[in-house]
Amino acid sequence: MVDKAIERCLALSLAARTQQGEALAATLAELDAALAEVQSRSGVGANLPAEPAAPPEAILTLDLAGYLTSWNAAAETLFGYTATEVLGQNILFLHADDDEDDHIADLFMAQGDNPENSDNRVTAEVRRRRKSGDVIWVKLAMRLLKDDGGEPVGMHVAMKQVHEPLSEVDKVSLHARIIEDSDQGVLITDSSERIVSINSAFTRITGYTPGESLGRTPDLLRSGVHDAEFRAKVRAAMTGAGPWRGEIIGRRKNGELFPQSVTISAVRDEAGNISHTFSLFSDISVHKDAEARMQRMANYDTLTGLPNQCLLSQLMGQALTEARRSHEHGALLSVEIGRLGAISDTLGHDVGNELLQAVGKQFRGVLREGDILARLDGNRFAVALLHIEKREHAAIVAQKLASSVAAPIELAQHTLQVRVHTGIAVYPEDGFDTNSLIRHADVATSKAVQGEAEFLFYSEEMNQRAKEHLRIESELRSALHNNELLLYYQPKVSLRSGRIVGAEALLRWKHPVRGMVSPGVFIPVAEETGLILELGNWVLEEACRQVRAWQDENLIMTPIAVNLSARQFDARLPERMADVMQRHGVLPEQLMLEITESLLVGGADNVISIMNELVAMGLALALDDFGTGYSSLAYLKKFPISTLKIDRSFVIGLPYEENDCAIARAIVTMAQQLRQEIVAEGVETAEQMSFLRELGCDQLQGYFFSPPVPPDDFAHMLREGKRLAFTSR
Ligand code: C2E
Ligand code: MG
Ligand code: MG
C-alpha cells in the first residue's frame, strides 16, 4: 500500500517537471496530498501537531497586453472577484500603486535579462487591491508563456498573500501572549485603581504573585521615597493627563528598593471615560549599578578610593559659586608626600602604593566630614576646606595633616617615615576658580619643599600672619606653665548707689619680652587652637583662688564675673564648675559667668540645658557684648540670663549719636521687660554715665570709674569703699 503511494508520488513529481501553468499547480497540490498520505500511513510525523494547510496560490494568466485569460479559485478567494467578473479585464485594476507598471518593467529588465533565467521569471512583493477595497501585500512570481516555436504568447502569474491579517480574536490572544512574555513588568488597574492584571515579568521583578497583587492598589509597590509633588505628576498620568515616563523607585515584596523605568498612562473607553490605567516598567537596577560603577571610575582615584582632580574641581566649582554669594573664605591645600619616589625606587611600587593608601587614610582621619580630600596625582593630595572662618585656619589643618603622618607608618612589610609639605591657596584672595587655586597652591608647595617648610601660604601676607599665629600659640603654651598669666579686675558700679557691686576678671599675659599682651590678640589664637580650654580652666581656678583669698582676708565680696569661651560650654561644664568651687570653698553667688551671643546662635537645645543646670546650681549668667550679634527679644526669652551687658560700641556715641541713643534705649527697655539687670560696658565719660543712668541702666563698667586693675588694687578699692561720683550733664 505504502509502496503504491510512493510510486504515485514519483509519477506525479515527474509529471510536475514536464507540465506547466495551471496544471502544474494542480499537480503540485496532488503531490502534497499524496505525500501526506504516505506520511500518515508510514507513521512519519504522526506525533507532529497538524500544520494548517498553506493556502493555495492564486494563479492567473495574461495575454501579452495584460488582459486576463485565466483566474483560478484561489485567485477568487484572495481578491474576492469571480472569474466571470475579471476575465478579459486588464490586470491593472488589481494594482494598488499607479507607478507599479514601471517597477515591474524594471524588474523584468533586471531579472529577465539574466542569462541563467531562461524562462524569464520575475518575483516581487507588491501591493494589490481586493474587491473590498483593502490593500494587501502579495508575493508574485511571473514568467513568460511561450508557444511551441518559443515565441512569447502571454504571462503566467502566481500570487500569494505575504501577510495574513489577524482575526480580532487572534489579535487579542496574540497581544495577550506578547504582554505575558514581555520582559517589562505590566500592571493594569481598573477605574477604581485596583490591579486587574499583571504579567509574569511583574511577578519576577516585584516578587508579588497574581494572588498577592490582584485587587490591591499600585501602592503595593510604593517605596515612600518620592515627595508629594512627584507623586502628583504620576497621579495626573493615571487620571488621564497624558502618559508619564520617568524613573521611580519601587519596593519589592522582600522590602528591597529598586529603580524602575516606567511609562504610565490611562486607557479610555468609547465614551471617553477612563476605564483602565496601565504601567509598563523595567527594573533598571543593573544599569544603575553600572552607571554608579562608571561614575566611580570617572571620579575616584582607583588606588586610594579618594576623589580625583576631576571630582575635586566639580565639588569646588559648586562651593566657589556659593562662597562668592555668601562672601565666605575657603582654602585649597596641595600636599606633597616627600621621599615617595625614593621609597618606590628602592622598595618597589607596591610599597609606594601601600604607603599612599596609608597616608590617605591618616589624612582622612584628621579632617572634618565637610572637608574634601582628593588625590591629585603621583605623590600629591589636595584638601579643599570649603568654609573657613579665618584664613589662618588653613594653617592649622596643614599642621594636623603633617602631624597625622609624623609617627612612622606601619605597612605589611615595612615601617616607613614620610614628610609632607603643604602649599595653601586661599579664596577669594589667591584665586576664584579651582584651576588657579590649585596652581597657586602648587607654587606654594614647591617653595615649601625647597625651604623644607611644613606648610606655606601662596601669599606673603598670609605667611606673616600664620607665622605670628604660630608664634603666639607656642609662646602661649609656655606662658601657661611659666606663670606669665594673671587676672585683672574691672569693677562694676551701681548707677543708683554709686557703690562697687561686682567686678569682671580679665585675663592678662605678661610676656617676658613684649610686656603686657592684650587678650584681644591671644584669645582668638587660643580659641582656634583649642588652647582656650586650658586657659579657661586656669582662669576659673585663679578667679576662685582669688575670691577665696579675699574672703579669707574678710573683704566684703562682690560677685566676680568670669568670661567663658563658647568652646568651654560643653556638657561637663557644670561638673567642672562644681568641682572648682568646691575645692576653693567658693559659693555660686560669689561668681557670675559671662557668655557671648555666638553661643546662643549655635546648637541651642544643648546649650539651654547646660545653662539651666548652671542656674540651678545658683550661678548667674550675663550676656556679654550685647547688640553685636543676632540677639532678638524673642530669642533671649528662651535663655535663663539674668544680666545684659550693652556692648561698648553703642556706648561710645552716647549721648550725641542718635542711633546709639536709640539702640541703648531699646536695649534697656527690652531688658527691663525681661527683668534683666543692665550693665553698660566701656563707659568713659560723665555724659555717657548720666545718659545711661537716666535711661534706667543698672550698672556701669568702664574707664570712667576704673580700668581693669591688678587684684591688690581692686581689693584696695573695695576696702576704701570707692564710689562713683554722680555729676549732672
Ligand atoms: P569683654 O569681656 O567685653 O571685656 C571688656 C573689655 O573692654 C576688656 O578688654 C576691657 O579692658 C575693655 N574695657 C573696659 N572698660 C573700657 C573702657 O572704658 N574703654 C575701653 N576702650 N575699653 C574698656 P580686654 O581686657 O582687652 O578684653 C578683651 C576681651 O577679651 C574681653 O572682652 C573678653 O571677650 C576677652 N577676655 C578677656 N579675658 C578673658 C577670659 O578670661 N576668658 C575669655 N574667654 N575671654 C576673655
Ligand atoms: Mg566680658
Ligand atoms: Mg564685653
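Helices here are DSSP runs of H or I with at least four residues, numbered from the N terminus. Keep that in mind as you work through this predicted model.

**Exercise 1. Find which residues of helix 9 are buried, and what covers them.**

Solution.
- Step 1: Go to residues 228-238, which form helix 9, and look for side chains with little accessible area; V234, A237 and M238 are buried there.
- Step 2: Look down the helix axis. The buried residues fall within an arc of 105 degrees, so they line one face of helix 9.
- Step 3: Recall a general point: an α-helix has 3.6 residues a turn, so residues three or four places apart point the same way.
- Step 4: Turn to the other side of helix 9, where A228 and E229 are exposed.
- Step 5: Search for the cover over the buried residues. It includes strand 8 (244-251), strand 9 (257-268) and strand 10 (274-283).
- Step 6: Step just past the end of helix 9, and you meet G240, which takes a positive phi of about 100 degrees.

**Exercise 2. Work out which protein atoms hold the magnesium ion (ligand 3), and where their residues sit.**

Solution.
- Step 1: List the protein donors: an OD atom of D624, an OD atom of D625, and two entries for OE of E681, lying 2.0 to 2.7 Å from the ion.
- Step 2: Write their spacing along the chain, which is D-D-x55-E.
- Step 3: Place two of these residues. D624 belongs to strand 23 (residues 620-626), while E681 is in the loop between strand 25 (677-680) and helix 25 (686-695), so the pair ties together parts that are 57 residues apart in sequence.
- Step 4: Check their surroundings: D624 and E681 are both buried.
- Step 5: Look for a second ion. D624 bridges ligand 3 and another magnesium ion (ligand 2), and the two ions lie 4.1 Å apart.

**Exercise 3. Decide whether L564 is buried or exposed, and name its contacts.**

Solution.
- Step 1: Locate L564 in the loop between strand 21 (560-563) and helix 19 (573-584).
- Step 2: Apply the cut-off, under 20% relative accessible area for buried. L564 has 7% relative accessibility, so it counts as buried.
- Step 3: Set aside neighbours within four places in sequence; L564 then contacts F569, L573, L593, E594 and I595.
- Step 4: Take E594 from that group. Its C-alpha atom is 5.9 Å from that of L564, although the two residues are 30 apart along the chain.

**Exercise 4. How many disulfides does the structure hold?**

Solution.
- Step 1: The count is zero.
- Step 2: Now compare two cysteines by accessibility. C310, at 42%, counts as partly exposed, whereas C661, at 8%, is buried.

Conventions
Residues are numbered from 1 along each chain as its sequence is written. Chains are lettered from A and ligands numbered from 1 in the order in which they are written. This is a predicted model: local features need pLDDT of at least 70, side-chain atom pairs count only at pLDDT 80 or more; totals for chains, interfaces and linings use all residues. Side-chain values use heavy atoms; hydrogens and water are left out. Helices (H or I, at least four residues) and strands (E, at least two) are DSSP runs, numbered from the N terminus. Buried means under 20% relative accessible area, exposed over 50%, partly exposed in between (1.4 Å probe, protein chains only). Contact means heavy atoms within 4.5 Å. A disulfide is a pair of cysteine sulfur atoms within 2.5 Å. The arc is that of the directions from the helix axis to the C-beta atoms. Donors are N, O and S atoms within 2.8 Å of the metal (3.2 Å for Na, K and Ca); water is not among the atoms, so sites may look incomplete.
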